[in-house]
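Please read the following numbered points with the model open beside them. They concern one helix and a few aromatic rings.

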Amino acid sequence: MGHPERPDRLRAIERILEHERFAMLARAQAPAATLDTIALCHPADYIERIREATPRDGLTHLDADTSLSPGSFEAALRAAGGAVQAVDEVIGKSVANAFVATRPPGHHAETARPMGFCLFNNAAIAARYAQKRHGVERAAIVDFDVHHGNGSQEIFWDDPTVMYCSTHQMPLYPLDPGDGGPEFREAFETAIVPRLKDFRPELIVISAGFDAHARDPLANLNLLEADFAWATQKLMEIADADAEGRVVSVLEGGYDLEGLARSVAAHVMVLMRG
């Protein structure tokens, strides 16, 4: 199979979104973010280090999990650029909400440290951009990737204006290996939904990782498409109540191609209010 974070992930998503159910989707290529936009969450010298480390050919290994190929820097700029374009269009009301299907993922990228396949933190950049460009006072990032979004947590650790919340597999909390839909929904209902409602976000950014799917090779949770759809519906209800329905969903993990594609289809169907 090679590296799990591979181009076939996006090809699988594109194929399933070609179904006639999704014919009404507005689609656009992700533009490259400006370096100033990336610098909302990452210092300029870090951005330059990533650019300089990008090879002309072959691979450069940043750590055991994270590599750069010749196209990686541009891909990372476009992943962040897609997220901020989605923010512009959702807040500008040209679309009701958005799903940003780009790679590499971002939620492990800390302020000045790439890791876990991630170079720039797309969800964090989207949240901070919404604040700086559009005057959003309270943004929430809700992360249902199976892995903890340590980067998003680190970037906003001391910032009360951005709420980060996550359901991820851990030895104890919130989800144990082997847990499935019932445990996930209980954790979501008891740990995340009440706090989100109290926070009253003006924008919800979803770190939409689908590697908690039962088919995924990189983790041990047993979620199904219906669980992701359910969580999406819960978040949309909160957005409808407090954020004018504003939801920007950014792809994170998901490494079994069938599980990823089916889960994205379920997620996008709910976003479309289908």
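1. Arginine 273, just after helix 9, takes a positive phi of about 60°; helices here are DSSP runs of H or I with at least four residues, strands are runs of E with at least two, and both are numbered from the N terminus. This is a predicted model, in which local features need pLDDT of at least 70 and side-chain atom pairs count only at pLDDT 80 or more, while totals for chains, interfaces and linings use all residues. Residues are numbered from 1 along each chain as its sequence is written, and side-chain values use heavy atoms, with hydrogens and water left out.

2. Helix 9 (residues 257-271) is mostly covered, since eleven of its 15 residues are buried, meaning under 20% relative accessible area with a 1.4 Å probe and protein chains only. Among the buried residues are Gly259, His267 and Leu271, and the buried residues of the helix pack against helix 1 (8-16), strand 3, strand 6 (203-208), helix 8 (225-242) and strand 7 (247-251), contact being heavy atoms within 4.5 Å.

3. The rings of tyrosine 46 and phenylalanine 120 have centres 6.2 Å apart and planes at 80°, so the pair is edge-to-face; rings of Phe, Tyr and Trp (its six-membered ring) pair if their centres lie within 6.5 Å, and planes under 30 degrees apart count as stacked, over 60 as edge-to-face and the rest as tilted. Both tyrosine 46 and phenylalanine 120 are buried, and ring pairs link Tyr46, Phe73 and Phe120 into a cluster.

4. Phenylalanine 184 and phenylalanine 188 form a tilted pair, 5.6 Å centre to centre with 45° between the planes.

Conventions. Buried < 20%, exposed > 50% of the residue type's maximum accessible area, 1.4 Å probe, protein only.
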